[in-house]
Amino acid sequence: MAEQQQLRCLIAAGGTAGHVLPALAVAEALSAQGVRVTFAGSPDRVEARLVPEAGYEFDAFRVEGFPRRPSLTQLRALGLAAAAPFACRTILGRRRPDVVLGGGGFVAGPMVLAAATMRIPAALTEADAQLGLANRLAAPFAKHLFVAYPGTRAGRKVSVVGRPIPARSRPLDQAEAREIFELPHDGPVLGVFGALAGARALNELAVETWGAVGPAVLHQTGAHDYETVKRRVRRPDYRVIAETERYGAALSAVDLVVARSGSTVWEIAACGRPAILVPYPFATGDHQALNAEHFVRAGGAIMVRELDLDDVPDLVRTLLDDPERRARMSRAMLAAARPDAAERIAGELIALASP
């Protein structure tokens with residue numbers, strides 16, 4: 001494609017890795033089709049690190065989520081929200097994209113609004129089973145909305161595509177994956193995964209239950225709890241990592257997953273791993289429970305509320321002792337996965353951008 005004809009897409013996504021990593025997957029799919037992709041987001045959130053690390057240009061502007069209760073912080077957030085569309089118009093004027101994607105988080109709304117005022121077509125993605133506040137506010141200004149779950153209440157102009165899976169989360173051969181994380185070649189391995197920010201309750205449960213004895217474990221703690229958990233482990237086949245750039249390999253190395261049920265449940269499904277999902281109890285609108293219920297209905301997961309966390313060790317023991325049940329759950333997860341989500345979104349964005 002000649003330089004002057006090259007389509008350009010600007011993606012605004014941020015706040016959490018759960019927003020940024022799917023957006024990077026879409027960027028990969030767009031780049032593979034010759035589209036030039038740049039990003040915009042907050043200067044002091046995870047996108048400011050992950051996007052440049054992935055090799056994409058990044059423009060920063062300031063916006064914050066709204067606290068639920070009246071406060072000085074809320075007034076500051078309102079002031080930033082009022083200024084953000086003007087900052088976004090400046091970025092759009094400089095980058096001159098043919099299409100804009102709001103990839104989640106409070107950075108997406110102002111960019112989609114700014115795009116609408118400049119008559120640049122824009123779309124939104126929603127990775128959870130319930131439409132978030134930022135997307136509800138931005139949806140009237142978007143030409144299309146890509147949702148992960150069927151039944152998400154989002155009105156018209158909606159496509160159900162699943163969640164885009166970045167290249168780092170694609171499955172690997174299990175023997176190769178276990179070699180990467182120095183896990184035993186034989187026998188079942190349990191994976192315990194919180195978000196990049198960690199999951200204190202899961203971390204405590206795992207190290208208390210299996211830190212001294214039990215199945216081989218691969219435990220991603222998040223940076224905050226890493227040192228504390230590592231000090232409490234008493235055996236060499238319990239591997240503790242803070243985070244990993246090879247999440248697909250980590251999932252491929254294990255036979256059963258215990259995890260939160262944020263947007264990474266789609267990566268668990270794409271790797272075909274049976275899962276015990278423990279929704280974060282304070283997620284807005286209880287959306288993590290809604291996410292988990294989708295995979296429970298599919299037959300690939302069991303949901304345990306945090307109040308019932310003590311039930312998890314017995315469930316783990318039962319599932320690790322029942323390879324036939326795990327195989328059925330694995331097949332169900334693969335059937336529920338949508339590994340082509342990034343490519344589908346990329347194709348629709350190119351269609352929106354094309355005259």
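**Close-up 1. Phe193 and the residues around it.** In this predicted model, Phe193 touches a long list of residues beyond its sequence neighbours, that is, not counting those up to four places away. Among them are Leu202, Leu218, Gln220 and Tyr247. The list goes on with Ala250, Leu251, Val254, Val257 and Val258, and it also takes in Ala259 and Arg260.

**Close-up 2. The largest nonpolar core.** Zoom out from Phe193 and you get the core of 34 residues, where Phe193, Leu218, Val257, Ile268 and Phe295 touch the most other members. Which elements give two or more residues to this core? On the strand side they are β8, β9, β11 and β12; on the helix side, α9 (247-253), α10 (265-270), α11 (287-298) and α13 (323-336). There is also a second, separate core of 33 residues, and its members include Ile11, Ala29, Val46 and Ile345. As background, nonpolar side chains in soluble globular proteins tend to be buried together.

**Close-up 3. Trp266 against Phe295.** The structure holds six aromatic pairs, and here is one of them: Trp266 and Phe295, edge-to-face, with 5.1 Å centre to centre and 75° between the planes. Trp266 sits in helix α10 and Phe295 in helix α11, so this pair ties together parts that are 29 residues apart in sequence. Are these two rings buried or exposed? Trp266 is buried, because its relative accessible area is just 1%, and Phe295 is buried too, at 0%. Ring pairs also bring in Tyr149, which forms a cluster with Trp266 and Phe295.

**Close-up 4. Tyr280 against Phe282.** This is another edge-to-face pair, with 5.8 Å centre to centre and 75° between the planes. Tyr280 counts as partly exposed, at 38% relative accessibility. Phe282 counts as exposed, at 66%.

**Close-up 5. Helix α7 and what covers it.** Helix α7 covers residues 200-210, and its buried residues are Leu202, Asn203, Leu205, Ala206, Val207 and Trp210. An α-helix has 3.6 residues a turn, so residues three or four places apart point the same way. What covers the buried residues of α7? The cover includes the strands β8 (189-193), β9 (216-220), β10 (238-241) and β11 (256-259), along with the helices α8 (226-232) and α12 (312-320). Leu202, one of the buried residues of α7, turned up earlier as a contact of Phe193.

**Close-up 6. Where α7 meets α12.** Two packed helices are described by the angle between their axes and the distance between the axes. For α7 and α12, the axes come within 11 Å and cross at roughly 60°, and the crossing is right-handed. From α7, the contact is made by Leu205, Thr209 and Trp210; from α12, by Val312, Pro313 and Val316. Sorted by type, the contact residues come out as five nonpolar, one polar and no charged. Leu205 and Trp210 are also among the buried residues of α7.

**Close-up 7. Positive phi at Glu182 and Asp286.** Most residues other than glycine have a negative phi. Glu182 goes positive, with phi near 55°, in the loop between α6 (174-180) and β8. Asp286 has a positive phi as well, near 55°, and lies in the loop between β12 and α11. How accessible are they, exposed or partly exposed? Glu182 counts as exposed, at 60% relative accessibility, while Asp286 counts as partly exposed, at 26%.

How values were computed: Residues numbered from 1 in each chain as written. Predicted model: local features only at pLDDT ≥ 70, side-chain atom pairs only at ≥ 80, totals over all residues. Heavy atoms only, no water. Buried < 20%, exposed > 50% of the residue type's maximum accessible area, 1.4 Å probe, protein only. Helix = DSSP H or I, 4+ residues; strand = E, 2+ residues; numbered from the N terminus. Contact = heavy atoms within 4.5 Å. Core = buried A, V, L, I, M, F, W, Y, C linked by side-chain atoms within 4.5 Å. Phe/Tyr/Trp six-rings, centres within 6.5 Å; stacked < 30°, edge-to-face > 60°. Axes fitted to C-alpha atoms, helices over the stretch in contact; angles between N-to-C directions. Left-handed = near helix turned anticlockwise from the far one by under 90°. Nonpolar A, V, L, I, M, F, W, Y, C, P; charged D, E, K, R; others polar.
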